[in-house]
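User: Please take a close look at one part of this model, beginning with a single residue and following its neighbours outward. I should like the answer as one connected account, with the reasoning given wherever a classification depends on a cut-off.

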Amino acid sequence: MKKVICKVEYDTDASELIQKKVFGSFGDAAGYEEDLYKTQDGKLFLYGIGGAESPYAEETIKRISAAKAEEWQKA
């Protein structure tokens, strides 16, 4: 997936996958997946996708700071 945020393109295909988290099980309407990525120039972002009742009912990309990424990885 590609998304431009503040004139910066975030692309899951061109970035390094750092960590993946799965919440719920396959087919769970509230289940979702969050993947932490790092771009070639060091920017971090979360890619999310999930069921209709999840925080990611629509596939999306969100920018994330290094501090927030560290918290996310520990949670």
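Analyst: A strand here is a DSSP run of type E with at least two residues, and strands are numbered from the N terminus. On that basis, in what is a predicted model, I49 lies in strand 5.

I49 has a relative accessible area of 36%; because buried means under 20% and exposed means over 50%, I49 is classed as partly exposed. Leaving aside residues up to four places away in sequence, I49 touches Y32, E33, Y56 and E59. A further spatial relation concerns G31: its C-alpha is 8.9 Å from that of I49, although 18 residues separate the two in sequence.

Two of the residues touched by I49, namely Y32 and Y56, lead to the aromatic rings. The structure holds 4 aromatic pairs. One of them joins F23 and Y32, with 4.6 Å between the ring centres and 20° between the planes, and this pair is stacked. F23 has a relative accessible area of 31%, so it is partly exposed. Y32 also pairs with Y56: the ring centres are 5.6 Å apart and the planes meet at 50°, which means that this second pair is tilted. Y32 belongs to strand 4 (residues 32–38), whereas Y56 sits in the loop between strand 5 (44–50) and strand 6 (60–64); the pair therefore ties together parts that are 24 residues apart in sequence. Y56 has a relative accessibility of 4% and so counts as buried.

Y32 and G31 return at the largest pocket, where they are listed with S25, F26 and E33 as the lining residues nearest its centre. E33 is also one of the residues that I49 touches. The lining comprises 13 residues in total, and the space in the pocket comes to about 170 Å³. By class, 5 of the lining residues are nonpolar, 6 are polar and 2 are charged. Strand 3 (16–23), strand 4 and strand 5 each contribute at least two residues to this lining. As to how such space is found, rolling a probe the size of a water molecule over the atoms shows where empty space is left.

Further along strand 4 is D35. D35 has a relative accessibility of 2%, so it counts as buried. Apart from residues up to four places away in sequence, D35 touches L17, Q19, K20, K21, F45, L46 and Y47. Two of these contacts can be followed further. K21 lies over the face of W72, at 4.4 Å from the ring centre. F45 belongs to a cluster in which ring pairs link it with Y10 and Y37.

The cluster can be approached from T39, a residue of the loop between strand 4 and strand 5. T39 is buried because its relative accessible area is 11%. With residues up to four places away in sequence left out, T39 touches Y10, S15 and F45. Two members of the cluster, Y10 and F45, are therefore contacts of T39 within the 4.5 Å between heavy atoms that defines contact.

Y10 and F45 are also touched by R63, together with I5, C6 and L44, again without counting residues up to four places away in sequence. R63 itself is located in strand 6. The C-alpha atoms of R63 and K7 are separated by 12 Å, with their positions 56 residues apart along the chain.

The contact with C6 leads to the loop between strand 1 (2–5) and strand 2 (8–11), where C6 is placed. K7 lies in that loop between strand 1 and strand 2 as well. Most residues other than glycine have a negative phi. C6, however, has a positive phi of about 50° without being a glycine, and K7, likewise not a glycine, has a positive phi near 65°. C6 counts as exposed because its relative accessibility is 58%; K7, at 84%, also counts as exposed.

Another exposed loop residue is D13, so classed because its relative accessible area is 71%. D13 lies in the loop between strand 2 and strand 3. Its C-alpha is 8.1 Å from that of K2, and the two residues are 11 apart in sequence.

How values were computed. Residues numbered from 1 in each chain as written. Predicted model: local features only at pLDDT ≥ 70, side-chain atom pairs only at ≥ 80, totals over all residues. Heavy atoms only, no water. Phe/Tyr/Trp six-rings, centres within 6.5 Å; stacked < 30°, edge-to-face > 60°. Buried < 20%, exposed > 50% of the residue type's maximum accessible area, 1.4 Å probe, protein only. Helix = DSSP H or I, 4+ residues; strand = E, 2+ residues; numbered from the N terminus. Lys NZ or Arg CZ within 6 Å of the ring centre and 35° of its normal. 1 Å grid on protein atoms, 1.4 Å probe; cavity = no way out; pocket = protein on both sides within 12 Å on 5 of 7 lines; lining within 4 Å. Points joined across faces, edges and corners; volume = space filled by probe spheres on them. Nonpolar A, V, L, I, M, F, W, Y, C, P; charged D, E, K, R; others polar.
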